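Trainee: Please pick one part of this model and look at it closely. Then work outwards from there to what surrounds it.

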Amino acid sequence: MRSRTRPVGARAVGSLEVLVRRSESGKDDRFVVESHPGMKVLDVLVAIQRDHDPSLAFRYSCRVAMCGTCALRANGTSVLACQSSVPSGAKELRLAPLAGLPVLRDLVVDPAPFFARWAAVTPYPVPDAAVSAPAVVRPDSPERRTIDPALDCITCGICYSSCSVSDEGRDFLGPAALNRAMVLIADSRDTMRTERLARIGRLDGIDRCHYIGACSACCPKRIDPFDAIRRLRRWRVTGPPAAGAT
Amino acid sequence: MKPSDLPGPETIQTDVAIVGSGGAGLMCALHLAERTPGSDVTVVSKGIVGKSGCTRMVQGGFNAVLDPSDSIEGHFADTLAGGYWLNDQDLAWALVNDAPKVIVELETRVGCFFDRTPDGRIHQKAFAGQTFDRTVHRGDLTGLEIMGRLRDQMFRIGVRELEDVRALDLVVEEGEVSGIAALDIRSGRPLLIGAKVVVMATGGAATMYSLATPAREKTGDGIAMCYRAGLELRDMEMLQFHPTGLLAGDSRLTGALLEEGLRGAGALLVNALGERFMVRYDPERMERSTRDVVSRASYTEIAAGRGTPAGGVLIDIASVLGTEEVRRRFPGMVDRTRQLGQDLSTGPVEVSPVAHFQMGGVVTDVDCRTELPGLLVAGEDSGGMHGANRLGGNGVAESTVFGARAGDTASEMLSGISTGTSKGASRGASTKGRPSIAAARGFFAKAFRALGADEGEHPMALSKELKELMWRRAGVVRDRANLVEALDALEDLSERCTRTRAPGPPQLNPTWQEAIDLENQVTAARCLVASALEREESRGAHYRSDFPETDNARWLRSVRVRAGEGGRPQIRTVPVELSRLAPPGHDATGDSGDSGGQARTSP
């Protein structure tokens, strides 16, 4: 066994059996990786690629939970590989691609269906063309209090993948896109809020949600799409919130 | 793969090919679509669009003059002083003038919403090296707000997005760019993209160091492609080290940043002996000194054996602010340290200087034009804007400001409208824009060589060697002996890069991609080391222990590098044009001769 630098605080080194779903065979490949406390799932993948199979395909970019591209399933749960620790004392780890999206190779999925639904809610604002200066909006206004906690979505697709309704082939916009729609409808700078509300009220919209809440439970950024959908259902009755009165 | 087995390339024809989907690339696409509706725009993205660069990771913010009591001249002077007067003053002037316009555009057209003061106006915070609080931000996730909204604009304007496609090389025919040779990473097939205009915006090559902050995809591809196409690079020795990167051993989390705001809020830096060592390096500013000074101080402590066993120093904010306050003000940073089994809110955390940002790059004018007709360069791929050191908050400002300018210029080139100057007319869009397969064949053959090769070195092993070499011999503190040794070792690595082996299929094969990345990183590294060897003084991010002083009399000069014989870096130096502002006490009658006639090739 080669000697390597251990992460700060590393104590004992154990061995971890990793089962990785491979796309060519459709089966799991088995690897044994040396583990250390605090080891991330991403570190496990890098170790497999470096020491066992250089052709193993997985995606990552920023490694600090900003890009969202390393999302996968670890022991059945959708997580970001860069933020997910191997449970201490674990002897086995099962890795599979994110559910509900087409697999391109091994753990790499095509996010296109997720973004097609994201695009369907018109995810960009339609501002008043006459406005030429940044809006004056108090940070403690109801509007910002609604938007701010819902804003830092990294479009990782974990909520989409975890939702039992938004699986590929079913007709549901999904939690992330609806959360984005909520953010825009709450934004007093947008001129298309009524149209947006009508859009998310269609058949593939908010009524498809079964209120299971897996989206909010899984979100690595602690966003609450479940709550966003509840707001949207309310606004459908009351109309979009007045500026400063959400 | 043998050249005879190489599949023929699929071809795509477009008006403008933008290489890179970070802040510069997407701002460029946006401006182009608005200036020239109906133009055919293609974004070539090595990973997922909007997710494979560093703009998204920006924590701190965006410097722009918005307050009536602030001034454009103030931002300009801060940028030049921060850059140790090596900046291209025209580029810096363009940045400070455009930054407020881009902030307004991002807020009123793109959909960004930055943090507000209690009365509802844009809040601007203090950042190191600035005489006015002018950093616009959204919490400590400013980049995410900008990139998220910019990415959504792409759904509106409907550009062609080539996701998981990497550019391999610029196709240059009859003295102008006719397109790019590219590789579809998903299918593993070659792709020939014909374009009237190519915009290079891929990001820098700080990943050539063992400790580095950037996203995985950023391997200096743009800089390397431009160098191979014969363009001149400037200031390549100027590579910024950020003083507070996390240490996590072999974990990929190593190098993740702790933000500068910690030092601003009073955090202490101590060595393994418990000494606040900054007192020896900058007793006045202490921990709040600039990135270059703090990085060098930490590095020196570690090198002198006063570092921690893991090779770092300690940052301590818990004992200054208390647990609750740290958790309230820096929740993201506390989370980040907890990921490593440490906790910033309860005690000191180990940090090290980490390679962060490349100030050097391709020589451009203020409109992002280069010496090669049909090619524009924007963002970190270009050089000169930041001089010898970049101020925090000027990075995302640069990528969006110059991305926007590149879009405007490309639009102008497409419509054939001359800027009214002879320069504008002679540097129009490529008249051809249809690359011949023959001109690209060599690029494909080179890229496909490693795939399925029977024998050869593992690219990941070579990559590790490169990173350790650069850290040890061309890092925070440099000297002649180490740089000479590094240049020799890089020549050897460069040769070994042509004999790597990537087993597995062509589709989404990470080792094959790493083989291609490696060649680009080594190219950028050679330019860096050759330039660092040339600059016999210390300035900003470039520190020579054998020439520790800053020498304005001799070295208000920019080091230029271009591919010479056998691709070896050929160096010359040119005086910095102090066209708008001179450093305090500078004698304008000093040496300003051009050494262009004494160009030489490095060993």
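Mentor: One term is needed before starting: two residues are in contact when their C-beta atoms, placed from the backbone, lie within 7 Å. Bear in mind as well that this is a predicted model.

The part I pick is A:Gly68. Leaving out neighbours within four places in sequence, A:Gly68 is in contact with A:Leu80, A:Ile154, A:Thr155 and A:Cys156 in chain A, and with B:Lys51 in chain B. A:Gly68 sits in the loop between helix H1 (41–51) and strand E3 (71–74) of chain A. It is classed as buried because it has 25 C-beta neighbours inside 10 Å, where the cut-off for that class is 20 or more. Sequence separation can be set beside distance here: A:Gly68 and A:Arg117 are 49 residues apart along the chain, and their C-alpha atoms are separated by 17 Å.

The contacts of A:Gly68 can be placed against the domain assignment, which gives domain 1 (14–108) and domain 2 (112–238) for chain A. The C-alpha centres of these two domains lie 30 Å apart. Where they meet, 13 residues of domain 1 of chain A are in contact with 15 residues of domain 2 of chain A. On the domain 1 side, strand E4 (residues 77–80) of chain A gives the most, with three residues. That side has nine nonpolar and four polar residues, and no charged ones.

Another loop of chain A deserves a note. A:Asp106 lies in the loop between strand E6 (103–105) and strand E7 (108–109) of chain A. Its phi is near 45°, a positive value in a residue other than glycine. A:Asp106 counts as buried because 26 C-beta neighbours fall inside 10 Å.

The contact of A:Gly68 with B:Lys51 leads across to the other chain. In total, 53 residues of chain B are in contact with 48 residues of chain A. Helix H3 (89–110), helix H4 (142–157) and H16 of chain B each supply at least two residues of the side of chain B that touches chain A. H4(B) has the largest share of that side, with five residues. By class, the side divides into 20 nonpolar, 16 polar and 17 charged residues.

Chain B also has a residue with positive phi outside glycine: B:Trp85, where phi is near 65°. B:Trp85 is found in the loop between helix H2 (72–82) and H3 of chain B. It is buried, because 23 other C-beta atoms lie within 10 Å.

Further into chain B, consider strand E2 (residues 41–45). Five of the five residues of E2(B) are buried, so the strand is largely enclosed by the rest of the structure. B:Val41, B:Val43 and B:Ser45 point one way from E2(B), while B:Thr42 and B:Val44 point the other way. E2(B) runs parallel to strand E1 (residues 10–19) of chain B and is joined to it by four bridges. The chain gets from E1(B) to E2(B) through helix H1 (residues 23–35) of chain B, in a right-handed β-α-β crossover. Within the pairing, B:Val16 stands opposite B:Val41. E2(B) also pairs with strand E6 (residues 160–163) of chain B, in the parallel sense and over four bridges. There B:Ser45 stands opposite B:Glu163.

B:Ile18 ties several of these pieces together. Beyond its neighbours within four places in sequence, its contacts include B:Val41, B:Thr42, B:Val43 and B:Val44, as well as B:Cys28, B:Ala29 and B:Val199. B:Ile18 also belongs to the largest nonpolar core, which has 262 residues; B:Ile18, B:Cys28, B:Ala29, B:Ile180, B:Val198, B:Val199 and B:Val529 touch the most other members. Helix H16 (residues 510–534) of chain B gives the most to this core, with 13 residues. In soluble globular proteins, nonpolar side chains tend to be buried together.

One more sheet of chain B remains. It is an open sheet of three strands in the order E3-E5-E4, with antiparallel pairing. Strand E3 (62–63) and strand E4 (124–125) of chain B stand at the edges with a single partner strand each, so one side of each has no neighbour in the sheet. E4(B) and strand E5 (residues 135–136) of chain B pair over two bridges, and B:Gln124 has B:Val136 as its bridge partner.

How values were computed. Residues numbered from 1 in each chain as written. Chains lettered and ligands numbered in written order. Predicted model: local features only at pLDDT ≥ 70, side-chain atom pairs only at ≥ 80, totals over all residues. Core = buried A, V, L, I, M, F, W, Y, C linked by C-beta atoms within 7 Å. Buried ≥ 20, exposed ≤ 12 C-beta atoms within 10 Å, placed from the backbone. Domains from an automatic or database assignment. Nonpolar A, V, L, I, M, F, W, Y, C, P; charged D, E, K, R; others polar. Pairing = 2+ DSSP bridges. Right-handed = clockwise from strand over helix to strand, strands pointing away.
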